[in-house]
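Hi everyone, thanks for coming. I'd like to walk you through one structure today, going residue by residue where that helps. Let me put it up on the screen.

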Amino acid sequence: MTQELIRTRTNLVWLILVGATLVSWGLGSEHDLGQSGQHLASVVILLIAFLKIRYIGLYFMELKDAPILLRGAFEAYCVVVCAMTVIMFLVA
């Protein structure tokens, strides 16, 4: 059954997205981490969210096969917005 699920790259990416969602949920539901642990968990959740955005764009919106300028713009968007979000979270 596992081989049938990961037969295509899209299915494998979908499984990775589900796993990333479960990790984010696990980090978000653990409330006894302490103040610094909550900040670290929040940053990890933000990074996972942007990783998921990147995978969705590349594999489900087919940007991995897009012209280099379009793909580059998408990749740059992911990096810049992720960095700005994490920095704003840490500064606030």
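Let's start with Glu-75, which is buried, at a relative accessible area of 19%. The cut-off for calling a residue buried is under 20%, so Glu-75 falls on the buried side with its 19%. Before I go on, please keep in mind that this is a predicted model. Where does Glu-75 sit? Its place is in helix H4. And what does Glu-75 touch, once we set aside its neighbours within four places in sequence? The contacts are Arg-54 and Leu-58.

Now let me step back to the overall picture. The protein has four helices and zero strands, so if you read along from the N terminus, the order of elements is α-α-α-α. Of the 92 residues, 21% are buried. The accessible surface adds up to about 6,700 Å², and carbon and sulfur atoms account for 70% of that. As for contacts with a separation of 6 or more, 53% of them join residues 24 or more positions apart.There is also something from the record. The unreviewed UniProt entry carries the annotation "transmembrane region" for residues 12–28, 40–61 and 68–91. In the model, residues 40–61 are 95% helix and 0% strand, with the end C-alpha atoms 30 Å apart. For residues 68–91 the figures are 100% helix and 0% strand, and there the end C-alpha atoms are 34 Å apart.

Next, the core. Which residues make up the largest nonpolar core? There are eight in all: Val-13, Leu-17, Leu-58, Tyr-59, Leu-63, Ala-66, Phe-74 and Cys-78. At least two residues of this core come from each of H2, helix H3 (34–60) and helix H4 (68–91). You have already met Leu-58 as a contact of Glu-75. Leu-63 is another one to look at: leaving out residues up to four places away in sequence, Leu-63 touches Gly-57, Leu-58, Leu-70, Arg-71 and Phe-74.

I expect some of you will want to hear about the cysteines. How many disulfides does the structure hold? Zero. Cys-78 is in no disulfide, and the nearest cysteine sulfur, that of Cys-82, is 8.4 Å away. A disulfide here would need the two sulfur atoms within 2.5 Å. Both of these cysteines are buried: Cys-78 has a relative accessible area of 6%, and Cys-82 comes in at 10%.

On to the aromatics. A search of the whole structure turns up one aromatic pair. The rings belong to Tyr-55 and Tyr-59, with centres 6.0 Å apart and planes at 50 degrees, so this pair is classed as tilted. Why are these two tyrosines about one helical turn apart? Because they are four residues apart in helix H3. Are they buried or exposed? Tyr-55 is partly exposed, with a relative accessible area of 21%, whereas Tyr-59 counts as buried at 17%. The 20% cut-off runs between those two values, so please don't read too much into the two labels on their own.

Let me finish with three polar residues that have a hydroxyl topic in common, starting in helix H2.

Ser-24 lies in helix H2 and counts as buried, at 15% relative accessibility. Apart from its neighbours within four places in sequence, Ser-24 is in contact with Ile-45 and Ile-48.

Thr-10 also lies in helix H2, which covers residues 9–29. Thr-10 is partly exposed, with a relative accessible area of 32%. Its C-alpha atom is separated by 10.0 Å from that of Leu-58, which is 48 residues apart from Thr-10 along the chain.

Thr-85 takes us back to helix H4. Thr-85 is partly exposed too, with a relative accessible area of 24%. Which residues does Thr-85 contact, leaving aside neighbours within four places in sequence? They are Leu-46 and Phe-50. With Leu-46, the C-alpha to C-alpha distance is 8.0 Å, and the two residues are 39 apart in sequence.

That brings us back to helix H4, where we began with Glu-75. Thanks for listening, and I'm happy to take questions.

How values were computed
Residues are numbered from 1 along each chain as its sequence is written. This is a predicted model: local features need pLDDT of at least 70, side-chain atom pairs count only at pLDDT 80 or more; totals for chains, interfaces and linings use all residues. Side-chain values use heavy atoms; hydrogens and water are left out. Buried means under 20% relative accessible area, exposed over 50%, partly exposed in between (1.4 Å probe, protein chains only). UniProt positions are given in the numbering used here, feature names are shortened, and annotations may be inferred rather than shown by experiment. Contact means heavy atoms within 4.5 Å. Accessible areas come from the Shrake-Rupley method with a 1.4 Å probe; for residues, only the protein chains shown count as cover. A nonpolar core is a set of buried Ala, Val, Leu, Ile, Met, Phe, Trp, Tyr and Cys residues joined through side-chain atoms within 4.5 Å. Rings of Phe, Tyr and Trp (its six-membered ring) pair if their centres lie within 6.5 Å; planes under 30 degrees apart count as stacked, over 60 as edge-to-face and the rest as tilted.
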